[in-house]
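Me: I would like to go through this chain with you step by step, from the overall picture to single residues. Could you take my questions in turn and reason towards each answer?

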Amino acid sequence: MGHHLGQVFIKDKNIIDKIVRESEVLPTDHVLEIGCGEGWFSLAMAEKCRHLTLVELDPECLAITQNRLKDRNNVTFVKADILTIDMSGWMDRPNRVIANIPYYISAAIVEWLVTNRAYLDRNVLMVQKEFAQKLTAVPGTKALTSLTYFTHYFFEVKLLFHVSRNVFRPVPAVDSSVVSLTRRSNLPFEVDADRFFAFIRSAMWARRKTLLNNLVNNPYHPYPRSVGALPFLQQNPNRRADTLTLADFYQLYQEIAEGQH
C-alpha cells in the first residue's frame, strides 16, 4: 500500500505533533496535504485548521484516511497526482501546503509550489535529508545545486528539524528533514526566471571547473569565449560557479545580456 509510489508512513505521534506545531497552522487556514499515507497526520492537521484538502493518488491510502477522518466535516478528498493540479481554478484555495513527499518527486514538487506560489504563503515539507541539504545549502558548500538558487529566489527556506528513519514504516534507507518554504513578499530582483535559471544551470555544468569554462563549454547553452572580457569575469577569472551568490549570478547575467545588444 503506497510503497510503490515511494511513500513511507510516520508511526511516531510525537513527530506528527511536532510537525503540526512547527507548521504554525492557524484556525483560519485552508491546508493542502500532499499524500495522506494512513491519515494519522491528516487527522492531527484537520483538528487545527479551518479546512483540509487532501490530494492522494493511492486509492488504498485514500480509503483508509477517509475512514479515519469520517467524523470530520472540514476535509475534502481529491484522488489525483498533485503535479497535474492547477490551483488557479479552485474556488476555495488552500493557503498552505503540508506534505510528506515521496522522495523521487521532491524537485518536481518544489517546481509545482513555485508555479502555484501566488496562493500559498507557507509550505512545510518532509523530505529526504540530502534533499533538504540541497534546499538549505549556501554558496561554497558541497550540497549546493542550481535547484538551491531556484528555490531561494522564490522562497525563504528554513530547516526546521531532522527526523530519524526509525519513526517510519517501512524503515527507509535514509533519514528525513522537515523544511519550510515561505513565499517571498518581494522577489530579490525581477528577471525572466526560465532564462535566468537556465543560465545558472549552464554556469554550474561541471562542478570542479571555473565559471568561465562552464559558460563556454556547457552543452545546454554555450557562450562565446568573449564573455571572459566582461567586468565580473575579469574580476573573478578563476571562480567556480558554486561560490556565487544569487546576486552575483544576477550581475553576471545582466552583463551578458547588455553585451548581446
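**Burial, sheet and helix packing**

Me: How many residues does the chain have, and what percentage of them count as buried?
Reply: This is a predicted model, and its chain holds ten helices and nine strands. Along the principal axes, the C-alpha atoms fill a box of roughly 70 × 40 × 30 Å. Of the 261 residues of the chain, the share that counts as buried is 51%.

Me: Which strands stand at the edges of the open sheet?
Reply: Seven strands form this open sheet, with mixed pairing, in the order β4-β3-β2-β5-β6-β9-β7. A strand at the edge has a single partner strand, so one side of it is left without a neighbour in the sheet, and this applies to β4 (75–79) and β7 (155–163).

Me: By how many degrees are neighbouring strands of this sheet turned against each other on average?
Reply: The seven strands follow one another in the order β4-β3-β2-β5-β6-β9-β7. With direction ignored, the average turn between neighbouring strands of this sheet is 20°.

Me: Which residue of β6 stands opposite N100?
Reply: Strand β5, residues 96–100, and strand β6, residues 122–128, run parallel and are joined by five bridges. Opposite N100, in β6, stands M126.

Me: Which strands does α1 lie across, and at what angle does it run to β7?
Reply: Helix α1 lies across three strands that belong to the sheet order given above, namely β6, β7 and β9 (176–183). Relative to β7, α1 runs at about 160°.

Me: Is S23 buried or exposed?
Reply: S23 lies in the loop between α1 (13–22) and β2 (30–34). Leaving aside neighbours within four places in sequence, S23 is in contact with M45, R96, I98, R122 and V124. Because its relative accessibility is 0%, S23 counts as buried.

Me: How far apart in space are A44 and K13, C-alpha to C-alpha?
Reply: A44 has its place in helix α2, residues 40–46, and counts as buried because its relative accessibility is 15%, where the cut-off is under 20%. Leaving aside neighbours within four places in sequence, A44 is in contact with I16 and V20. A44 and K13 are 31 residues apart in sequence, while the distance in space between their C-alpha atoms is 9.4 Å.

Me: Which helices do the buried residues of α10 pack against?
Reply: Helix α10, residues 246–259, has 14 residues and reaches 20 Å from its first C-alpha to its last, close to the 20 Å expected. Its buried residues are L246, D248, F249, Y250, L252, Y253, E255 and I256. These buried residues of α10 pack against α6 (146–154), α7 (193–203), α8 (211–217) and α9 (231–235).

Me: Is α7 roughly parallel or roughly perpendicular to α10?
Reply: The axes of α7 and α10 are 11 Å apart, and the two helices pack at an angle of about 105°. Angles from 65 to 115 degrees count as roughly perpendicular, so α7 stands to α10 as roughly perpendicular.

Me: How many charged residues does the contact of α7 with α10 have?
Reply: From α7, the contact is made by R195, F196, F197, F199, I200 and A203, and from α10 by L246, F249, Y250, L252, Y253 and I256. By class, this contact has eleven nonpolar residues and no polar residues, and the number of charged residues is one.

Me: What percentage of the contacts with a separation of 6 or more comes from residues 24 or more positions apart?
Reply: Within the chain, among contacts with a separation of 6 or more, the share that residues 24 or more positions apart account for is 65%.

Terms used. Residues numbered from 1 in each chain as written. Predicted model: local features only at pLDDT ≥ 70, side-chain atom pairs only at ≥ 80, totals over all residues. Heavy atoms only, no water. Helix = DSSP H or I, 4+ residues; strand = E, 2+ residues; numbered from the N terminus. Expected span 1.5 Å × (residues − 1). Buried < 20%, exposed > 50% of the residue type's maximum accessible area, 1.4 Å probe, protein only. Contact = heavy atoms within 4.5 Å. Axes fitted to C-alpha atoms, helices over the stretch in contact; angles between N-to-C directions. Parallel < 35°, antiparallel > 145°, perpendicular 65-115°, else oblique. Nonpolar A, V, L, I, M, F, W, Y, C, P; charged D, E, K, R; others polar. Pairing = 2+ DSSP bridges.
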